[in-house]
Amino acid sequence: MKKRSEIEEKYKWDLTKFCKDEKEFLKRLKNIEEKISLFSKYENKLENDAILFECLEFQTKLLIELGLLYRYSDLSSLVETTDKRANELVELFSNVDTKFSVATSFIEIEIGKFSNEKLKKLQENKRFSNYRRYFEAILREKKHMLSKKEEKLISNLGDVLAGFNTNFEKFNYADIKFDSVEDSNGEKHELTVSKGLVYLESSDRKLRENTYKTLNATYGKYINFLANNYICDVKTSCVFAKLRKYKSCLSAALQSEEIDESVYNMLIRKVRENIDISHKYFDLRRKALNLDDFYGYDLIASLKKEEKKYTFEEAVALIKEALSVLGGDYLKLIDRAVNERWIDVYPNENKYTGGFCADTYGTSPVILINFLGSLQCVFDLAHELGHAMHTHFSNENQPYQTAYYTIFVSEVISTTNELLLFRYLISKAKTKEEKTFLYDKILGDVNSAIFRQTMLSEFEEKIHSMCEKGEPLSAEILCNTYKDLLGFYNGDKVMPCEEAKYQWARSPHFFTSFYVYKYATGFVAASKISKSLIEDKDFLKKYINFLSSGNSSDPISLLKIADCDLTKEETYNEAFASFREFLDLWKKENI
């Protein structure tokens, strides 16, 4: 694998948009630190509207600056996870950010003490128009706020409370090492997390099996640490949910994004009702691979003997063709993303192995991927470009206070891009092999994004519920809980594998409680929206309005702008009907 210095500049993101260099970073960070003490002049005076407005504007100005400096330090560390100085900058930022949180913790507490009538008047006050949603949130959450002293104490614990996630990141992206794995010819291959994904797509089943077992078993070697680290994170979430008088951690997570539990429960119910889609997919895949049995290490094995490899430039061109229904302005933005170096393209030593889009108000977003040339990498790029365009439209059309959309809607946009890419490719496919490959691809995504992520969410819910009831938690209990869920979701179509019970320990998303179910709801919504974009030429305007809406309303209402209602059972039924159609079309290709 190449070193960072060996990657061409045009394939590395440009972080100077956040901060020119370390010297400027330190100067600007110090400037913020010196201003933090100025918040004291506003304390106990926020009943006065003029002072309240001045305080909120001052806070907003510093928050925008903090966001830029956070991205500079954090993103620098992620492309060189073992870079000591980059990690030191993250710590320096974190210290100042904690001081800022402590110094401003009184603001929401004081506003939370306003009468409901005053909060409603502030929402209607034109002077405070940018803060309407902010006051709505305080009105909604005020019964869960603690005293000023307690909130300040919690703010001081910010770094400590984030420590469990940090522990996992340092372990997962810098410390863990894997034994090499053998293929069917006895040849050994170096194994990393990113290379493991490549090996699991291999036509060499022995390599897939050894990779799958070695990856999971290696996490199994450290399962006591990994389990205890996660259990501590769960206990922390449960303690704070209880302190803030939420009925559960799940309730706290859903309420923070204004999602009713009925939406979450409907997802779980509809997924379980339609689990046969997943099982039928496993059976079709087994037959396509010409296997007598089917294991977890066969789930992403490529069905093509020689899969086409794409250059980054070819991938961008293909994505633009597939997304042409989104209009010329959208396509020009993709060109900007490439030409202005929004994207960090290729893997390098000690680079974060996943992919994401980082949104920051006041500048363009940036994307991290690890592009290896496969069609999956093309889909990954389309996915992250969806996030980037969502951020761009939101930032261009919303003030800072309502620009940051919630995760619940963000996965809709990114998945819509993927489904548009799939529908374009399947419309151009000519051979049985091409169509089989593409139907396998999309149904694999359905299985991963809807069925698997819902399973992971059920795992979270069970573990948090056990903690809330005071039931014991241990590495064994976590592994057995995960194993039992695998039994239902895999049915009798996927043969059991002992090492699979350690898979839960590989997920970074568990450190943001109840995050993963949003992949599933996002896919359901994207299924409806992508069809509308293709079938209704007048729908694009609604979609762009949705992209531009940021956090100007609750997520369910925002989705209704794009004619998608996740409170209705029909929306889920339509999505699952589409997935069944894909299954039927794949079957027909094999008759």
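## A guided tour, beginning at a small sheet

Start by selecting D344 and L368, because in this predicted model L368, in strand β5, is the bridge partner of D344. Now widen the selection to strand β5, residues 366–368, and to β3, and you will see two strands that run parallel and are joined by two bridges. In general, the strands of a sheet pair through backbone hydrogen bonds, and the pairing may be parallel or antiparallel. Add β4 to complete the picture, which is an open sheet of three strands in the order β3-β5-β4, with mixed pairing. Here β3 (343–344) and β4 (356–358) are the edge strands, and since each has a single partner strand, one side of each is left without a neighbour in the sheet.

Keep the sheet on screen and select helix α17, residues 375–397, which lies across β3, β4 and β5 and runs at about 20° to β4.

Next, zoom out to the whole chain, whose secondary structure comes to 25 helices and five strands. The C-alpha trace spans about 75 × 55 × 50 Å along its principal axes. For 591 residues, a compact globule would have a radius of gyration near 25 Å, and the chain, with 24 Å, agrees with that. Of these 591 residues, 57% count as buried. Among contacts between residues at least 6 apart in sequence, 75% join residues that are at least 24 apart.

To look inside, select I343, M389, I450, W504, I529, F546 and L559, which are the residues with the most contacts inside the largest nonpolar core, a core of 152 residues. Helix α20, residues 432–468, gives the largest share of this core, with 15 residues. Apart from it lies another core, of 46 residues, and you can find that one by selecting I36, F39, I109 and F128, which are among its members.

Return to W504 and ask which residues it touches, leaving aside its neighbours within four places in sequence. The contacts are I223, L226, A227, Y230, F459, L478, C479, Y482 and F510.

One of these contacts of W504, C479, makes a good next stop. Is C479 buried or exposed? With a relative accessibility of 5%, C479 counts as buried. How many disulfides does the chain hold? The count comes to zero, and for C479 the nearest cysteine sulfur, that of C497, is 13 Å away. Select C497 as well: the closest cysteine sulfur to its own is the one in C479, and at 13 Å this is too far for a bond. C497 is also buried, with a relative accessible area of 15%.

Now move to helix α12, residues 249–256, which is mostly covered, as seven of its eight residues are buried. The buried ones are C249, L250, S251, A252, A253, L254 and Q255. To see what covers them, show α5 (132–141), α11 (223–243), α13 (261–273), α20 and α22, which are included in the cover. Following α12, pick out E258, whose phi is positive, near 60°.

For the last stop, select helix α22, residues 517–535, and within it S527. This serine, S527, is buried, with a relative accessible area of 4%. Leaving aside neighbours within four places in sequence, S527 is in contact with L419, A575, S578 and F579, so showing these four side by side with S527 completes the tour.

Key: Residues numbered from 1 in each chain as written. Predicted model: local features only at pLDDT ≥ 70, side-chain atom pairs only at ≥ 80, totals over all residues. Heavy atoms only, no water. Helix = DSSP H or I, 4+ residues; strand = E, 2+ residues; numbered from the N terminus. Buried < 20%, exposed > 50% of the residue type's maximum accessible area, 1.4 Å probe, protein only. Contact = heavy atoms within 4.5 Å. Disulfide = S-S within 2.5 Å. Core = buried A, V, L, I, M, F, W, Y, C linked by side-chain atoms within 4.5 Å. Pairing = 2+ DSSP bridges. Axes fitted to C-alpha atoms, helices over the stretch in contact; angles between N-to-C directions. Rg over C-alpha atoms; globule rule 2.2 N^0.38 Å.
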